[in-house]
Amino acid sequence: MANVVVVGAQWGDEGKGKIVDWLSERADVIARFQGGHNAGHTLVIDGEVYKLHALPSGVVRGGKLSVIGNGVVLDPWHLITEIGTLREQGVAITPETLMIAENTPLILPFHGELDRARESQNSVAKIGTTGRGIGPCYEDKVGRRVIRVADLADDATLELRVDRALVHHDALRRGLGLGPIDRDALLAQLREIAPETLAYAAPVWKVLNEKRKAGKRILFEGAQGALLDIDFGTYPFVTSSNVIAGQAATGVGMGPGAIDFVLGIVKAYTTRVGEGPFPTELDDADGQRLGERGHEFGTTTGRKRRCGWFDACLVRQTCATSGVSGISLTKLDVLDGFEKLKICVGYELDGQTLDYLPTAADQQVRCTPIYEEIEGWSESTEGARSWADLPAQAIKYVRRIEELIDCPVALVSTSPEREDTILVTDPFAD
């Protein structure tokens, strides 16, 4: 059976939640492999809106196993709150339908405090983080001082881990003008949340490898987008984890041979939240129109997204670094009614033409997009579920994107609704 990785191929907010939910009907297991609750997925199912941050998008479908892998950093208090919200919406979540890897790092209250303090005091260049402690938690993981889910089960180990973390963090806090962490209060909080969190703990690596041997289909779900990858994104304006498809194996404890198809989620235009370079950004009426029609506000932060024309150079680049097998083109309907559309096909930098975004930050901000103009369409694509429902010019736009990014389209999404999707190639096909 085929196993599929879903990754965002731009700066996030490409519509991964809907596509993962749509694909989850064909999957047995949905596994989240990186990121934290800084991610936001909005699902619209039969008119009901579900907003997810920590939980895999598959949880809204009954009869599926959802997994939070070790590549994720998890805020246990947020998780329990999110589970409660979904239960109020009628979604059943139990230890039989949700598993958390025992070696998943925990985001603690002081991680968020550190994140926000750094951002507020950074007079050099703000990164634009969500302030939820994602980066500091990943730092502690690499620094070998993080508290993991399994540590909650043994009080002596928990105290040892807390003491090790506080030696580091109290010193940092003094430098930022923050008071020391209340050790006893933190331990009390952790002991209180431990039973609810441990109820979902499991050796995820073992469970998933057994599922694979049994022929079950696994859907690997990423957060953010490849241009926010810690190595291949627009550094330093990136997230603190690897976002590209290769992380799917490491982030759940499986070998790379477990991946059969990589689906890159690509918005039909380009958006970005927060700071950092954005070559095709529009500060005009077209940019305003894209933002309004696409309802471009972050699910997690509510921040207005920056909008611009489709950048084929960037998507071709991310398709290469993630080994994308096919893309899912989303929000095509937002482009309805534009007389002319533009696609970035290259950059001009200091008199030279480039077909990729350079690594150096100072060069990225100086890149000027080279555009190809294409006719738009006046008809509506909203709700289309087959090629026959699309205007001829919309099909031309899709086909031109395929050519420019050197990757085929597997799916086309034409609204937030689950079933408003055109299937070209089934990623789960054997």
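Mentor: A helix here is a DSSP run, H or I, of at least four residues, numbered from the N terminus. Arg144 lies in the loop between two such runs, helix 4 (134-142) and helix 5 (155-175). Keep in mind that this is a predicted model.

Trainee: Why is Arg144 called buried or exposed?

Mentor: Its relative accessible area is 69%. The cut-off for exposed is over 50%, so Arg144 is exposed. Its phi is near 60 degrees, a positive value in a residue other than glycine.

Trainee: Which class does Asp350 fall in, and what puts it there?

Mentor: Asp350 has a relative accessible area of 57%. Exposed means over 50%, so Asp350 counts as exposed. Asp350 sits in the loop between strand 14 (340-349) and strand 15 (352-354). Its phi is positive, about 50 degrees, although Asp350 is not a glycine.

Trainee: What is Ser386 called at 27% relative accessibility, and why?

Mentor: Partly exposed. Buried needs a value under 20% and exposed one over 50%, so 27% falls in between. Ser386 belongs to the loop between strand 16 (368-375) and helix 12 (392-405). Ser386 and Pro56 are 330 residues apart in sequence, and their C-alpha atoms are 28 Å apart in space.

Trainee: How do you know whether Asp115 has a salt bridge?

Mentor: Look for the nearest side chain of opposite charge. That is Arg118, 6.0 Å away. A salt bridge needs a nitrogen-to-oxygen distance within 4 Å, so Asp115 has none. Yet Asp115 is buried. Asp115 is in helix 3 (residues 109-121).

Trainee: Which residues does Asp115 touch, leaving aside neighbours within four places in sequence?

Mentor: Asp115 is in contact with Thr129, Gly131, Arg132, Gly133, Ile134 and Pro136.

Trainee: Which residues of helix 9 are buried?

Mentor: Gly287, Leu290 and Gly291, in a helix of residues 285-293. They cover an arc of only 95 degrees around the axis, so they lie on the same side of helix 9. An α-helix has 3.6 residues a turn, so residues three or four places apart point the same way. The buried residues pack against strand 11 (306-308).

Trainee: What does the face turned away from the buried side of helix 9 carry?

Mentor: The exposed residues Ala285 and Glu292.

Trainee: What is found at the start of helix 9, and what just after helix 9?

Mentor: At the start, a side-chain oxygen of Asp284 comes to within 3.1 Å of the backbone nitrogen of Asp286. The limit for a polar contact is within 3.5 Å. Just after the helix, His295 takes a positive phi of about 50 degrees.

Trainee: How do you know that strand 1 (residues 4-8) and strand 8 pair?

Mentor: Three bridges join them, and they run parallel. Pairing takes at least two bridges, so they qualify. Val4 has Leu219 as its bridge partner in strand 8. Strand 2 (residues 29-32) also pairs with strand 8 in the parallel sense, over four bridges. There Val29 stands opposite Ile218.

Trainee: What covers the two faces of strand 8 (residues 218-221), in terms of buried residues?

Mentor: Both faces are covered. Ile218 and Phe220 on one side are buried, as are Leu219 and Glu221 on the other.

Trainee: What makes strand 7 (201-202) and strand 18 (421-423) edge strands?

Mentor: The open sheet has ten strands, in the order 7-6-5-2-8-1-9-13-17-18, with mixed pairing. Strand 7 and strand 18 each have a single partner strand, so one side of each has no neighbour in the sheet.

Technical notes. Residues numbered from 1 in each chain as written. Predicted model: local features only at pLDDT ≥ 70, side-chain atom pairs only at ≥ 80, totals over all residues. Heavy atoms only, no water. Buried < 20%, exposed > 50% of the residue type's maximum accessible area, 1.4 Å probe, protein only. Lys, Arg positive; Asp, Glu negative; His and termini not counted. Contact = heavy atoms within 4.5 Å. Arc of directions from axis to C-beta. Polar contact = N/O pair within 3.5 Å; in protein donor to acceptor, adjacent residues only side chain to side chain.
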